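Visitor: I have a model on my screen and some labels I'd like to see justified. Could you walk me through them?

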Amino acid sequence: MARLNSLVAEGKLEGQISVSTTGRRFTMVRRDRLEGLHVELIDEITMAEAMDYLGIGKIRMKRLIRLLFPTARQVDNQIHLPWCVPRSEVEALLNLGSHLPVVGIPEEHQVSLAHVLRYWNWTSDEIVALIESVRSGSILPRSNLESAQGVSRWIFDIALLRAFRRANSDGTVKW
């Protein structure tokens, strides 16, 4: 309903908002205009859908969304309204590791990004730098983990990740 009200307020959708005597708000829009707008809005997905596709948790995704997707926007620029993420950017990230082999258990010297996100103490900037390095091709994952989904299934060599973190560290202690 918040999205619908914001579309009416933005003028993208013609509608009528009425308030009853008890204070309840009702929004009425024409179905044919709503279906026409649906084609325009299909290129955006919500933050929850992006979390599911990428395999990133809610708290981590809230920290990463503006860093990973600079064109993501919050509906009507208000705090409690949902985020809209461009579908093409999410699909581009998912296609980066689609050609890699799928393994059930990583080797002894390898670790998945899901493990890094959960157990290693990496900041949001370090996670974004790693994903951007994969996007640019300077670091390549070895394979995909069968039990994870999205980018969290990427498997890297542990030594490579440690060297990457040392190279991108500014030398200060993070408390």
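What follows is a short back-and-forth on how those labels are earned.

Guide: Happy to, and bear in mind that this is a predicted model.

Visitor: Let's start with the whole chain: what does it hold in helices and strands?

Guide: There are eight helices and nine strands in the chain.

Visitor: Why is the chain called more spread out than a compact globule?

Guide: Set the two numbers side by side: the radius of gyration is 20 Å, while the globule rule gives 16 Å for 175 residues. The chain's value is well over the rule's, so "more spread out" is the fair label. Along the principal axes, the C-alpha atoms fill a box of roughly 65 × 40 × 25 Å.

Visitor: What share of the residues is buried?

Guide: Buried residues come to 37% of the 175 in the chain. As for the surface, about 11,100 Å² is exposed, with carbon and sulfur atoms supplying 53% of that.

Visitor: And how are the charges laid out?

Guide: The chain carries 22 positive and 20 negative side chains, and the centres of the two sets are 6 Å apart.

Visitor: Down to one residue, then: why is Thr27 called buried?

Guide: Buried means under 20% relative accessible area. Thr27 has 18%, so the label fits. Thr27 sits in strand β2, residues 25-29. Leaving out residues up to four places away in sequence, Thr27 touches Met1, Leu4, Asn5, Val8, Gln16 and Ile17.

Visitor: What makes β6 and β7 edge strands?

Guide: Their sheet is open, with four strands in the order β6-β8-β9-β7 and mixed pairing. β6 (102-103) and β7 (110-112) each have a single partner strand, so one side of each lacks a neighbour in the sheet.

Visitor: How do you know that β8 and β9 pair?

Guide: Pairing takes at least two bridges between the strands. β8 (residues 143-145) and β9 (residues 154-157) have two bridges, in the antiparallel sense. With that cut-off of at least two, they therefore count as paired. On the residue level, Asn144 has Trp154 in β9 as its bridge partner.

Visitor: Which strands are at the edges of the three-stranded sheet?

Guide: That open sheet runs β3-β5-β4 with antiparallel pairing. Its edge strands are β3 (44-46) and β4 (73-74), each pairing on one side only.

Visitor: What makes β4 and β5 a pair?

Guide: The cut-off is again at least two bridges, and β4 and β5 (residues 83-86) have two, in the antiparallel sense. Gln74 stands opposite Trp83 in β5.

Technical notes:
Residues are numbered from 1 along each chain as its sequence is written. This is a predicted model: local features need pLDDT of at least 70, side-chain atom pairs count only at pLDDT 80 or more; totals for chains, interfaces and linings use all residues. Side-chain values use heavy atoms; hydrogens and water are left out. The radius of gyration is taken over C-alpha atoms; the globule rule is 2.2 Å times the number of residues to the power 0.38. Buried means under 20% relative accessible area, exposed over 50%, partly exposed in between (1.4 Å probe, protein chains only). Accessible areas come from the Shrake-Rupley method with a 1.4 Å probe; for residues, only the protein chains shown count as cover. Lys and Arg count as positive and Asp and Glu as negative; His and the chain ends are not counted. The place of a charge is taken as NZ of Lys, CZ of Arg, CG of Asp or CD of Glu. Contact means heavy atoms within 4.5 Å.
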